[in-house]
Amino acid sequence: MITGASSGLGLATARQFAKLGLNVTLLCRDPVKGENAVTQVRQDIPNASLELMICDLASTESVRSFVRKFRESHSQLDILFNNATVIKQRHSVTQDGFETWSQTNYLAPFMITTSLLDLLRNTSSARIINIAVCLPTNFVLTLKISNPPITIVPSLHSSERSSAFSYSPLRFQ
Ligand SMILES: NC(=O)c1ccc[n+]([C@@H]2O[C@H](COP(=O)([O-])OP(=O)(O)OC[C@H]3O[C@@H](n4cnc5c(N)ncnc54)[C@H](OP(=O)(O)O)[C@@H]3O)[C@@H](O)[C@H]2O)c1
């Protein structure tokens, strides 16, 4: 499963996974862009096993709904590629009360990963791939997690994004 599969690296990865014969779930925010992505991959690999699922990572409700639907039709997950990113220079806040940037790039992947961990554990060699451009300086994250469900406390603050780019893989248990 690839988040942000409508363009860029996500779409390229979907194409590569399909070429390898994998069953690929493309998670996209926009249904039209998602259908476009599926069409593009199918043009290259006509027999590709593709599934489009819609989810807005900037909404906890949308993420929960996606997780529910995914779990209804899948009992295992081999690869979770947390690829989707939003790059916003201006401060904005989601309906959940988080910074859009922080919710999309960090909280949503965390929610998806933790919500699908048992499906990942159902395969012998599951992989979680997290991709990021940079972490902001003075990044403070407070999460309160009870299981189930996962509760995320909106006390997340970041300073202006750092202009110095660095790679910072996030780790999940
Ligand atoms: N390209 C590079 O040079 C580079 C370098 C270093 C790291 N990276 C990292 O690689 C990853 C992919 O980069 P890219 O260049 O391929 O980016 P991209 O072309 O801008 O693609 C970003 C993807 O994330 C999706 N997305 C954004 N907000 C979303 C939301 N709220 N819910 C669901 N999906 C959402 C976008 O969907 P929409 O189409 O709907 O907007 C799009 O599919 C990112 O994590 C990026 O930080 C890229």
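A residue is near a molecule if its C-beta atom, placed from the backbone, lies within 6 Å of it. By that criterion, 21 residues surround the ligand in this structure. The model is predicted: local features need pLDDT of at least 70, side-chain atom pairs count only at pLDDT 80 or more, and totals for chains, interfaces and linings use all residues. Residues are numbered from 1 along each chain as its sequence is written.

**Confidence**
- The protein chain has an average pLDDT of 82, and 75% of its residues score at least 70; pLDDT is the predictor's confidence in each residue, from 0 to 100.
- In residues 142-173 the pLDDT falls below 50, yet this stretch has 48 contacts in the model beyond near neighbours in sequence (two residues are in contact if their C-beta atoms, placed from the backbone, lie within 7 Å).
- Where pLDDT is low, the predicted coordinates should not be read in detail.

**Surroundings of the ligand**
- The closest residues to the ligand are G4, G8, R29, A84 and T85.
- Helix α1, residues 8-19, gives the most to this shell, with 3 residues; helices are DSSP runs (H or I, at least four residues), numbered from the N terminus.
- The shell consists of 9 nonpolar, 8 polar and 4 charged residues, where Ala, Val, Leu, Ile, Met, Phe, Trp, Tyr, Cys and Pro count as nonpolar, Asp, Glu, Lys and Arg as charged, and the others, Gly among them, as polar.

**Packing of α1 with α2**
- Helix α1 packs against helix α2 (residues 31-44) at an angle of about 40 degrees, with the axes 10 Å apart.
- The two helices α1 and α2 are therefore oblique to each other, a class outside the ranges under 35, over 145 and 65 to 115 degrees.
- L11, A14, R15 and A18 of α1 meet A37, Q40, V41 and D44 of α2.
- This contact of α1 with α2 comprises 5 nonpolar, 1 polar and 2 charged residues.

**Packing of α3 with α4**
- The axes of helix α3 (residues 60-73) and helix α4 (residues 100-115) come within 10 Å and cross at roughly 25 degrees, which makes α3 roughly parallel to α4.
- T60, V63 and V67 of α3 meet A108, M111, I112 and S115 of α4.
- The contact of α3 with α4 holds 5 nonpolar, 2 polar and no charged residues.

Conventions. Axes are lines fitted to C-alpha atoms, for helices over the stretch in contact, and angles run from 0 to 180 degrees between N-to-C directions.
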